[in-house]
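Biologist: Could you walk me through this one before I go back to the bench? I would like to hear about the inside of it as well as the open parts.

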Amino acid sequence: MKKFNNLRTPALLQTLQLIAKPTKTLENYAAKYGDIFTVRVMGLKSPPIVFFSHPQAISDCFAIPAQKLDFKKATHVFKPLFGENSIVFQEARSHQQQRQLLLPAFHGDNLKSYGQAICQITEEVTQNWTSGTDICIHNLMSNITLEIILKVVFGITHSTRYQELKEKLSSLLEDVTKPWYSSLFFFPLLQQDLGAWSPWGIFLKRRERIDKLIYAEISERRSQNDAMRTDILSMLMSAHDVNGQQMTDEELRDQLVSLLLLGYETTSGVLAWIFYLIHSHPEVKHRLMQELNTLDDLTNPEAITQLPYLTALCQETLRIHPIALICTPRMVKDRVEIMGHEFTSETVLVPCIYLAHRRSETYAEPEQFRPERFLKQKFSPYEYLPFGGGYRGCIGATFSMYELKLVTAIILSHFELSLTDKRPVHPVRRGITIVPSGGVKMVVTKKAKLKKQTILST
């Protein structure tokens, strides 16, 4: 049996390194220990956590039968936020049934119906920009992605409930990204409701107020029974499983909140990287603008999302700065084998997206931003996996790519932007994702005088 490397650094120091400088720490571990290495975090009782970056190891990991793995234990920290009915915590048959209910809402004609809404939201958020307008790109993208989730996923438009939900969700989402607040979910001892002013008590009250608004929306939607609605909540409410059963209110709530938490900060972070990389690589921006100028108008989202260089640019951004550094962790129930290594019960397996995307054996000069590499070559799902893979791949992957391309194209077709700080940014942790330091400050240098139609003018 082959041996693999165990880090000798004390467990507490490993934890602090991964929290403070996750990308640099992973790079250092891979350089020193290779394709497979084991870490221990948060104390000596931590189970071994094994990271993989070799394509064959990732393929082997994805192929492990679901009954041999425990996903609940490996992802338990998210349960207070997502809820126990979330697809994140479902296993084997239950997980597959939920995927079958959720997938249609994110594909095919349903996906196409969201395109106009995404474009319109982007135009509405930016319509008051003029030459000289200062922008923090990350904040802007957070506003846009939250609007998209509320209107396209929840199907809630401007109303008192919409305003309340937007305010409460944005406040919660902002706090979840802060280390002091997120620590509540990683350390069960802190989850004590000691009254209205205790940290956990405040969280529970906040969650209760948000849930009340979500359940009110679900109840109202059920009473209306409007078959013409195309938002994702409506799609989920009308879906039936193989036994003809529909989702309960609790299941709908948990799926909505999961989609919100997994699709908000992650997508806005990638969009911030996209705008930084475009404007720090003039040759990339020039080629992209040439391609955007081939569009007859901006009222056809499908035409935008089919542009090859725009697609390659988003793919390359997700390679260098993936939405998440790792795939969903999975704990071994029974013995499994990966690339000749045997792993026993309680071992946590972690396919590492970030390291897989930086293998020089797969990507020539992996540190360089080169969108054209995706025009010249197709990579396997074990070499390029920005949304995870296998039966645990991100259910909203297609929707996310669709959103990235439309938001990018609409803004760049309306405005010329410039970075106000030419110094390179660096990756920093923000909750569960990695974003560019400083938020990417930009300024509008020119408002485009388009001959093309726009969504708002049609």
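Modeller: What follows is a talk through some helices, a sheet and the spaces in this structure, which is a predicted model.

Biologist: Fine, let's begin with H3. Why do you call it largely enclosed?

Modeller: Helix H3 covers residues 55–62, and six of its eight residues are buried, so the helix is largely enclosed by the rest of the structure. The buried ones are Pro55, Ala57, Ile58, Ser59, Cys61 and Phe62.

Biologist: And what do those buried residues of H3 pack against?

Modeller: They pack against four strands, namely E3 (49–52), E6 (330–332), E7 (336–338) and E9 (348–351), and also against helix H18 (353–356).

Biologist: Switching to the sheet with E13 in it, what is the strand order there?

Modeller: The order is E5-E13-E10, in an open sheet of three strands with antiparallel pairing. Strand E5 (134–136) and strand E10 (415–419) are the edge strands, each pairing on one side only, and the twist from one strand to the next averages 40°.

Biologist: How many bridges hold E5 to E13?

Modeller: Three bridges pair E5 with strand E13, residues 441–447, in the antiparallel sense, and aspartate 134 stands opposite valine 443 of E13. Helix H8, residues 137–153, packs on the sheet, where it touches E5 and E13, and its direction makes about 70° with that of E5.

Biologist: Then what about the other edge, how many bridges join E10 to E13?

Modeller: Five bridges join these two strands, which run antiparallel, and leucine 419 has methionine 442 as its bridge partner in E13.

Biologist: Which residues of E10 are on its covered face, and which on the uncovered one?

Modeller: The covered face of E10 carries Phe415, Leu417 and Leu419, whereas Glu416 and Ser418 are on the uncovered face.

Biologist: Back to helices for a moment: which residues of H10 are buried?

Modeller: In helix H10, residues 179–186, the buried residues are Tyr181, Ser182, Ser183, Leu184 and Phe185. Those residues pack against three helices, H5 (79–82), H9 (160–176) and H11 (199–224).

Biologist: Now the empty space. How many cavities of 30 Å³ or more are there?

Modeller: There is one cavity of 30 Å³ or more, and the space in this largest cavity comes to about 90 Å³.

Biologist: What lines the largest cavity?

Modeller: Its lining consists of Pro80, Leu81, Leu169, Leu172, Phe203, Arg207, Ile210, Asp211, Arg253, Val257, Leu260 and Leu261. The elements that give two or more residues to that lining are H5, H9, H11 and helix H13 (249–263). By class, the lining has nine nonpolar and three charged residues, with no polar ones.

Biologist: And the second largest pocket, what is its volume?

Modeller: The second largest pocket has a volume of about 500 Å³. It is lined by 24 residues, of which Trp273, His321, Val425, His426 and Pro427 are the closest to the centre of the pocket.

Biologist: Which elements give two or more residues to the lining of that second largest pocket?

Modeller: Helix H2 (22–33), helix H14 (265–279) and strand E11 (427–430) do so, and the largest share, four residues, comes from H2.

Biologist: Last one: how does the lining of the second largest pocket divide by class?

Modeller: That lining has 13 nonpolar, five polar and six charged residues.

Notes. Residues numbered from 1 in each chain as written. Predicted model: local features only at pLDDT ≥ 70, side-chain atom pairs only at ≥ 80, totals over all residues. Heavy atoms only, no water. Buried < 20%, exposed > 50% of the residue type's maximum accessible area, 1.4 Å probe, protein only. Contact = heavy atoms within 4.5 Å. Pairing = 2+ DSSP bridges. Axes fitted to C-alpha atoms, helices over the stretch in contact; angles between N-to-C directions. 1 Å grid on protein atoms, 1.4 Å probe; cavity = no way out; pocket = protein on both sides within 12 Å on 5 of 7 lines; lining within 4 Å. Points joined across faces, edges and corners; volume = space filled by probe spheres on them. Nonpolar A, V, L, I, M, F, W, Y, C, P; charged D, E, K, R; others polar.
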